[in-house]
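Let's walk through this structure together, one question at a time. Have the sequence and the 3D view open as you read.

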Amino acid sequence: MKTKRSVQVISVALLICSVLSARAVSVPAGIKHDAFDRLLKKYVNDQGLVAYEKWKASAEDRKAIDDYVAQFAAGGNAASGNERFASLINAYNALVLQWIVQNYPTESIWALKGSFKEKRNKVGGTMVSLNDIENDNLRPELGYKTHAVLVCAARSCPPLQQSAYTAGSLDEQVDRAYRKWLSRTDLNEFFPDKNEANVSMIFKWFKKDFDKAGGPKAVMSKYAPAAAKPVLDKSDSKLTYKAYNWGLNDQGSHGRNYKISLTDFFH
């Protein structure tokens, strides 16, 4: 009886720890995204690649990204709805960019220790990781829309947009991000004559998120070019997945020849 009770106590404790570890991140209301918007327009090209070398060379703009990210640290009055989502998306992308600029040159974000798992960023008064923002907040709340807007500094990521997300334009911006992503033939290809599509591995890795919206094909059909719809609208069409290129999304040469090893995933 004593052993059984001990097991029950341990189980409850583990459950509580699990709930606490997935606690929603509070995002301060009223964050100004103008500075981040300026930086994106200055350093991101129309392919979503970043001029990291030029960015790192500018002390003024290194300070600008640091000052922007610092806005997220405070607790207090919390944002909600689309303001919350836009701020979390911008926070994730800005923290990734700041991390790369701080550690540039590098061939991949995976070449840097603890990029996604380490709780090194303060948001809403709490230290969080990039994984916390994505997996414990945006994916459960924003669903499949998360996957077109978060950019993890890799060449196979959806293209980084040249503007910051805002509460008032979020839905339109998500739609635009999806359309741009699905129109990129290096990232997603559609072959009506073969009844087949060769798409981003993201649609496989996060299939459960897309299934909640009707499945990967249904989501892609909503945003993909018209020529892709004959494939996506058929139940018997085949999806294959592109190898994911984790090389840095650099406008320069870094990341072009990066080959990830299994050990990189355990940083």
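Q: How many disulfides does a search of the whole structure find?
A: This is a predicted model, and the search covers the whole structure. A disulfide is a pair of cysteine sulfur atoms within 2.5 Å. The number of disulfides found is 0.

Q: Is Cys-152 buried or exposed?
A: A residue is called buried when its relative accessible area is under 20%. Cys-152 has a relative accessibility of 9%, so Cys-152 counts as buried.

Q: What is the relative accessible area of Cys-157?
A: Cys-157 is another cysteine to look at in your viewer. Cys-157 is buried, and its relative accessible area is 3%.

Q: How many helices and strands does the chain have?
A: The chain has 267 residues, and buried residues make up 48% of them. Among contacts with a separation of 6 or more, 70% are between residues 24 or more positions apart. The secondary structure comes to 12 helices and 5 strands.

Q: In what order do the 3 strands of the open sheet stand?
A: The pairing in this sheet is mixed. On average, neighbouring strands are turned by 15° against each other, direction ignored. The order is β3-β4-β5.

Q: Which strands stand at the edges of this sheet?
A: An edge strand here has a single partner strand, so one side of it is left without a neighbour in the sheet. That applies to two strands, with residues 189-191 and 238-241. They are β3 and β5.

Q: Which residue in β4 stands opposite Glu-189?
A: β3 and β4 (residues 196-199) run antiparallel and are joined by 3 bridges. Within this pairing, Phe-190 stands opposite Ala-197. The residue opposite Glu-189 is Asn-198.

Q: Which residue in β5 stands opposite Asn-198?
A: β4 also pairs with β5, this time in the parallel sense. That pairing runs over 4 bridges. Opposite Asn-198 in β5 stands Thr-240.

Q: Which residue in the hairpin of β3 and β4 takes a positive phi?
A: The hairpin has 4 residues between the strands. The residue in question lies in the loop between β3 and β4, and it is buried, with a relative accessible area of 17%. Its phi is near 55°, a positive value in a residue other than glycine. It is Asn-195.

Q: At what angle do helix α4 and helix α5 pack?
A: α4 covers residues 59-70 and α5 covers residues 81-103. Their axes are 10 Å apart, and α4 passes α5 in a left-handed crossing. The packing angle is about 145°.

Q: How do the residues of the contact of α4 with α5 divide into nonpolar, polar and charged?
A: From α4, the contact uses Arg-62, Ile-65, Asp-66, Tyr-68 and Val-69. From α5, the residues are Asn-90, Ala-94, Leu-95, Gln-98, Val-101 and Gln-102. They divide into 6 nonpolar, 3 polar and 2 charged.

Q: Which residues does Gln-173 touch, not counting residues up to four places away in sequence?
A: Gln-173 is found in helix α8 (residues 170-183). Gln-173 has a relative accessible area of 8%, so it is buried. The residues it touches are Ser-163, Ala-164, Tyr-165 and Thr-166.

Q: How far apart in space are Ala-177 and Gln-161, C-alpha to C-alpha?
A: Ala-177 lies in helix α8 and is buried, with a relative accessible area of 1%. Leaving aside neighbours within four places in sequence, Ala-177 is in contact with Ala-148, Val-149, Gln-161 and Tyr-165. Ala-177 and Gln-161 are 16 residues apart in sequence, and their C-alpha to C-alpha distance is 7.1 Å.

Q: What is the phi of Ala-153?
A: Ala-153 is found in the loop between α7 (146-149) and α8. Ala-153 is buried, with a relative accessible area of 1%. Its phi is positive, in a residue other than glycine, and is near 65°.

Q: What is the omega of the peptide bond from Tyr-104 to Pro-105?
A: Pro-105 lies in the loop between α5 and β1 (121-123). The peptide bond from Tyr-104 to Pro-105 is cis, with omega near 5°.

Terms used
Residues are numbered from 1 along each chain as its sequence is written. This is a predicted model: local features need pLDDT of at least 70, side-chain atom pairs count only at pLDDT 80 or more; totals for chains, interfaces and linings use all residues. Side-chain values use heavy atoms; hydrogens and water are left out. Buried means under 20% relative accessible area, exposed over 50%, partly exposed in between (1.4 Å probe, protein chains only). Two strands pair if DSSP finds at least two bridges between them. Axes are lines fitted to C-alpha atoms, for helices over the stretch in contact, and angles run from 0 to 180 degrees between N-to-C directions. A crossing is left-handed if the near helix is turned anticlockwise from the far one by less than a right angle, and right-handed if clockwise. Contact means heavy atoms within 4.5 Å. Ala, Val, Leu, Ile, Met, Phe, Trp, Tyr, Cys and Pro count as nonpolar, Asp, Glu, Lys and Arg as charged, and the others, Gly among them, as polar.
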